[in-house]
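This report looks at a nonpolar core, a buried loop residue and some backbone features. The sequence and the structure come first.

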Amino acid sequence: MKADIFSVAGCIALALFIFSGSAQAEPLATTQLTPDRFKWDPTPFGGQKVTLVGDEQKPGMYVYRVRFPANFKVQPHFHPDERVVTVMSGTLYMGYGEQFDESAMKALPAGSIWTEPAKQPHFVWAKEGDVIVQVVGGNGPSGVTRIEPK
């Protein structure tokens, strides 16, 4: 009898823990946004960013776009959450790993996607011209951890 009570209590505690994370996320609101209404802001690393849906610093789904200038490199880094990235315009070179390695990069033209599993080191290069990518994450909050060169 005592073991059954602990089992039930454990299941309830586990359910509350699992559902408490999703309960804190903001619900998705209706949004219609045309490109002429985008507000591009400078990023600390030299590109530009526009947030389209949600807030990557809060729990839940978010969508934003980043504009990289020609020949711009993003050094190896990772994020705590999973993401799917779409190349909207231009060609972006992308690679996985802890060292920036041009030979490990694949050219991804407009329309291409790549995935960023949680904590997967990766790097990109707008080698041939300006590039815009769209990042979709469903598990915020997010962040960036830079990997220092060895």
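## Terms and basis

Contact here means heavy atoms within 4.5 Å. The model is predicted, and local features need pLDDT of at least 70, side-chain atom pairs count only at pLDDT 80 or more, and totals for chains, interfaces and linings use all residues. Residues are numbered from 1 along each chain as its sequence is written, and side-chain values use heavy atoms, with hydrogens and water left out.

## The nonpolar core

The largest nonpolar core (a set of buried Ala, Val, Leu, Ile, Met, Phe, Trp, Tyr and Cys residues joined through side-chain atoms within 4.5 Å) has 17 residues, and V131 is among those with the most contacts inside it. Strands (DSSP runs of E, at least two residues, numbered from the N terminus) β3 (60–68), β4 (72–78), β5 (83–89), β6 (91–96), β9 (122–126) and β10 each supply at least two residues of this core, with the largest share, 4 residues, coming from β3.

Leaving aside neighbours within four places in sequence, V131 is in contact with V66, R67, F68, V87, S89, G90, T91, L92 and A126.

## The loop between β10 and β11

S142 lies in the loop between β10 (131–140) and β11 (145–146), and it counts as buried (under 20% relative accessible area, 1.4 Å probe, protein chains only) because its relative accessibility is 9%. Its side chain makes a polar contact (a pair of N or O atoms within 3.5 Å, one able to donate a hydrogen and the other to accept it; residues adjacent in sequence count only if both atoms are side-chain atoms) with the side chain of D81, at 2.6 Å.

In the same loop between β10 and β11 lies P141, and the peptide bond from G140 to P141 is cis, with omega near 5 degrees.

Note on methods:
Buried means under 20% relative accessible area, exposed over 50%, partly exposed in between (1.4 Å probe, protein chains only).
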